[in-house]
Structure formats: structure tokens, C-alpha cells
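Trainee: Please take one part of this model and go through it closely. I would like the contact between the two chains, with whatever else bears on it.

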Amino acid sequence: MSSKEKELWTAKLRGVWQRNLPVEKLLPDTQPAYVSSWIYTFGVLTLSSLFVIIASGVVLAFEGPSWYHLSNVGHFVNSLHFWSVQLFFIFMVIHLWGKFWMAAWRGRRVATWMTGGIAFVASIATAFTGYLVQTNFDSQWISFEAKDGFNSVGVGAWFTVTNLGQMLLLHVAFLPLILGVLTILHVLLVRAKGVVPPIDAFDNGKKSKGART
Amino acid sequence: MSSPRIEDLDSQPWAGRTRRYDIIKEGTIALLVVTLLTIAASMFFGSPDDKQLTFKSWAAVAPSDFYQTAAHEIAGTSESAGYGAPYNSASDGVNLGPLHLAKIFGVSRPVNSVNDFVIVPLSTQVNTPEVSAALKTWNVSDSKMQQGWASKYDDALTKANGDQAKIPAGALADFGPVPAMISGLLTMAQSGSLDAVLLSQGNYFQFDNTKQTLFMGDGNYFNDQSTASHLQGDTWGMMNETGRYPGQAWLWLYSFWYQIPPFNNGDQHPFGANADAYIMVIMGLLSAGLVFIPFIPGIKNLPRRIPIHRLIWKQYYKQENL
């Protein structure tokens, strides 16, 4: 690469990408032998649940918010959305606890932990707005109760849980976008940094320093 | 202090033993498993969808509760009328110690209980001569007169436990047009037109249900339905769902604080009265704590001290004699 090419932002970005995330890391065909516990499956199960949530959510969005009250097919798609969210949180919480007990932030993986943590909080916000846009008794009551919490700290001035239009837009557009970006970042960081070695792992005279960062 | 060599193993690419791994196959199988689980749960259990409450159903099922709530609204004694920011400036709202955070940001979502819940809806329709005359009398009277009528009627109705029949007929002159207006509003609710008018407030397009929610929340009907469905805050309501379905279980920690002192000490206690604000702050701090665990002394060392990792990597430790 010529020196002029090296000055290009595009070339610099490509270089950084290739150094940190070559295709062998992105799509690996081997992994460390210590990755052999069932706990490792909960990350990919969480991601799979998110796919089902998005797929069922897209169908619900296309048909509009009243569809599932009126149609059996709509109610079934709503059920798919409902149960995939339940599975998503079950898998994500197990994944989170697993990663905590692995101290998975070790070895410059703090950003991986933090993107995961923020994604967890963003997921709660996204699910919460989902419960608000059900347009049934549950959403009526949740909006009535939740307004007090948000109003109490001044957030209610912008985030109005009783405003169905605002909640619907946040639920189907803004929050999934944020969650999607966080998820992609998290997965790319996992691939780039690799799976954290066991605490006290020992290899060729090098030892893991355990839970200390 | 750890040596640089010890640092190396965690942060460098793994150079030890590896095993075959097909990431695409793993992802495909996981997606298939989750899809099948979701379909099975949906087929066997369905999903909750308890019908929404309306002003029509309220006025039909609990007309006296609706009637008394409307009296509270017009007298300014309802919960929403005295709420404070962001709806009105009737009170300081809840506090966080010396801070009234909602008040700082002002009345950003104005709601006037008398006008928005009673006068505007009545003004949108053709009323009976009696209600029309009452509305006209109200509109041409000064606010002191209006407040006097409304307060007296609200007090009398409260003393009579909401039963209009128990109010002495001789006292009716003290209430001016208020009883006729509330009767007109009840008729309007029973016909179903109040639902639409409260939402539209004179507009064609409308997406904001704040006014309906506040009005309905001021009565007992909505509250009673919620109690019957185990959705009240003091019974872990935020994480519950109608019927026998799982709700937002991930909000358990948020709901937890409402179940314990000092936050469940009632509105007479400063922490009970302002629990919403304190709990929001606690949850904000705990959420930030989760994200920043790698930097929190003590917490970040727990995984080493409590050897659950020995179970996770049991096979590895055994093979390496560690």
C-alpha cells in the first residue's frame, strides 16, 4: 500500500478491521478446548431469540397494532412475539450470570462486558415499551402506574408512557435500532477478543490472572 | 502486583489446545430450537389479551364511581388535579430529598381536569336542554362561583358515600349547574362518545392517551380491576401479567423495593410517599453498577473468590491438572 493510500480513512479503517477481526475470527472453525460447557450455548440462544422476536415483530408491525386483537393468526403471531421475549430474557440472564462467574471482562474484554450490560438494560426498555403498546388492559394499567416512576425523576417531561404514539414509535423503531447496534457490536467484540480463558488457566508458561482486570 | 507474563494469557489469542467448531451450524441449530420452543409455547399457552377498559364500560358497570370521580375532577380534588408536574402546577409532586425533579422541568404535558375531562367533552355534543343550560351557566360564571358550587357538591357527595339520593333536596341550590353537568357527562360516557372525545380533544389525528389514563385512574373502577388481576404495585404488580401468564419477570428487582420498608411505609412516611423517585434512582445506580462491574472493587473479584468457575471449566481444570 502506498503512503498516499495509507492516508485514506477508508484504508485505515480496513486495516484496523483486518488486524482485529480477520474473517478467520469472524467465522471460526476451531475454538479453545476449554469452551466445552453448556453455559456457552446461552449467548447464541439469546441471539436466536432476538431473531424470532424481530421476525414476529416485523409481521405485527406490518399488520398494525390492532390486528392481533381481531384475528386468530394475529393472536398467534403475538404469542410468538410474547414467548420469544420470555425465552430471550431467560437465556440472556443465564448468559449474563455465566459471564459474571467467568469474570469474562478479563484480558481487555471490558468493552464486551459493557456492551452486553447496556444491551441488557436496552432490552428491558424495549420490552417495557412493548408491554405499553399491547393496547389492552395490561398496557392501560402499566402506563398508569409507570408514569409516576418516570414523572418522579423528571423523565416524564419527554418520555410519556401514556402516549401510545410515542411508545409505539420507540418500540418498533428507535429502541430496536439501538438494541440491534449494541448486539452487533457485542458479537463483533466477542469474535475479535475471543472467549475468555479459564481463571487460573495455564498455557506455555503463561497464566491467566483471574478475576483481576 | 501481577507480572506481565500473567497478563498475557487473558489478552492474547489462545495458543493452547483447540477443538473443531462450526459457528454457522451452532447458530442454525440454536435458531431452530428457539423457533420450535416459541411455536410450541404459543400453540399450547397462547398469549394474554385482557380487553381494554373504556369509559363506556366504567359508566355501565360502576356509574356511581364514575359520577363521584367526575365530581372530584370538577372540584379539583382528584389525584390528577393535584398531581403537579408535568401535568399541572397544583403541587410540588414527589421529592428526592430537597429536589423536586419533575417540577424543575415544568408543566410540559398540561392537563386541566375541569376543562379537559368535563367542559370540553360536554361542549362537543348536542346536550339535553337541562345540560345545555347548566353548561351555559357554568361558562358565564366566574371561577370563584364555579369553585364554590363544585366544592360544595363534591363534599356533599363524599359525605353521602357517592349516593346522590342521600343528598338533601334542599341543598341542591348550593351546587348550581354542577349536578346537571355531571349527569350529562355520565350519559355521554354510557353512550360511548366520551372515549372518543377525551382522546381527540377536537383533533382528527391523535395518539396521546394521557388524559384518558389520568381520568380513569382517578376512579376506583380501574384500580379495582387491577387489584383483581394482581397488578398492584404492593403485590409485585410491575412484573405481573393478566391471567396466568409470565409478566416482566426481569423487573423483579424494581418491584422488590416497593415490597420492603421504608418504601412500603405508606404516604405518611417521606420514603413511602416519595418511593417512586428513590426507587428510580436506586435502579439507575444498580443498572450503571451492572455495566461497570469490571471496575468495582470487591464485586469484580467475586468470580475468583466463589469458585463457580471450577464448575464451568471443570473439564479443562481436570485435563490440565489445575
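Mentor: What follows goes through the contact between the chains, then the residues that form salt bridges, and then some local features of each chain. The model is predicted, and the values below are computed from it.

The extent of the contact comes first. Chain B contributes 103 residues and chain A contributes 104 residues. Between them the two chains bury about 9,300 Å², and carbon and sulfur atoms account for 65% of that area. On the chain B side, the residues that lose the most area to chain A are Asp10(B), Trp250(B) and Trp313(B), which together make up 9% of what that side buries.

The polar part of the interface can be counted in two ways. The rule finds 38 residue pairs in polar contact across chain B and chain A, with both residues at pLDDT 80 or more. Helix 2 of chain B, residues 23-45, gives the most to the side of chain B that touches chain A, with 15 residues. By residue class, that side of chain B divides into 54 nonpolar, 31 polar and 18 charged. The salt bridges between chain B and chain A number two.

Over all chains the structure holds six salt bridges. One of the pairs is Arg106(A) with Asp10(B), whose closest N and O atoms are 3.4 Å apart. Arg106(A) sits in the loop between helix 6 and helix 7 of chain A, while Asp10(B) belongs to helix 1 (residues 4-11) of chain B, so this pair joins two chains. Arg106(A) has a relative accessible area of 0% and is therefore buried. Asp10(B), at 1%, is buried as well. Asp10(B) is also one of the residues that lose the most area to chain A.

A further pair is Arg304(B) with Asp200(A), which meet in a salt bridge at 2.8 Å, N to O. Arg304(B) is in helix 16 (residues 302-305) of chain B, and Asp200(A) is in the loop between helix 9 (164-193) and strand 2 (202-203) of chain A, so this pair too joins two chains. Here the accessibility is as follows: Arg304(B) counts as partly exposed because its relative accessibility is 28%, and Asp200(A) counts as partly exposed at 22%.

Within chain A, Lys147(A) forms a salt bridge with Asp148(A), with the closest N and O atoms 3.0 Å apart. Both Lys147(A) and Asp148(A) are buried.

The loop that holds Arg106(A) deserves another look. Ala103(A) is placed in the loop between helix 6 and helix 7 (110-132) of chain A. The phi of Ala103(A) is near 50°, a positive value in a residue other than glycine. Ala103(A) has 0% relative accessibility and so counts as buried. A positive phi of about 50° is also found at Thr135(A), again not a glycine, in the loop between helix 7 and helix 8 (137-152) of chain A. Thr135(A) is buried, with a relative accessible area of 19%.

Chain A also has an internal contact. Its domain assignment gives domain 1 (37-91) and domain 2 (103-194), and eleven residues from domain 1 of chain A meet 13 residues from domain 2 of chain A. The two domains bury about 830 Å² between them, of which carbon and sulfur atoms give 69%. Zero salt bridges are counted between domain 1 and domain 2 of chain A, but five residue pairs are in polar contact across that interface, both residues at pLDDT 80 or more. Helix 6 of chain A supplies the largest share of the side of domain 1 that touches domain 2, six residues. That side of domain 1 consists of eight nonpolar, three polar and no charged residues.

Back in chain B, helix 6 (residues 113-123) is mostly covered, with eight of its eleven residues buried. Among the buried residues are Asp116(B), Phe117(B) and Leu122(B). The cover over the buried residues of this helix includes helix 4 (63-75) and helix 7 (129-140) of chain B. At the start of helix 6 of chain B, a side-chain oxygen of Asn112(B) comes to within 3.2 Å of the backbone nitrogen of Val114(B).

Chain B also has cis peptide bonds. One joins Ala85(B) and Pro86(B), with omega about 5°, and Pro86(B) lies in the loop between helix 4 and helix 5 (101-104) of chain B. Another runs from Pro261(B) to Pro262(B), with omega near 0°.

Note on methods
Residues are numbered from 1 along each chain as its sequence is written. Chains are lettered from A and ligands numbered from 1 in the order in which they are written. This is a predicted model: local features need pLDDT of at least 70, side-chain atom pairs count only at pLDDT 80 or more; totals for chains, interfaces and linings use all residues. Side-chain values use heavy atoms; hydrogens and water are left out. Domain bounds come from an automatic or database domain assignment. Contact means heavy atoms within 4.5 Å. Buried area is the accessible area (1.4 Å probe) that two parts lose on being put together, summed over both. A salt bridge is a side-chain nitrogen of Lys or Arg within 4 Å of a carboxyl oxygen of Asp or Glu. A polar contact is a pair of N or O atoms within 3.5 Å; within protein, one must be able to donate a hydrogen and the other to accept it, and residues adjacent in sequence count only if both atoms are side-chain atoms. Helices (H or I, at least four residues) and strands (E, at least two) are DSSP runs, numbered from the N terminus. Ala, Val, Leu, Ile, Met, Phe, Trp, Tyr, Cys and Pro count as nonpolar, Asp, Glu, Lys and Arg as charged, and the others, Gly among them, as polar. Buried means under 20% relative accessible area, exposed over 50%, partly exposed in between (1.4 Å probe, protein chains only).
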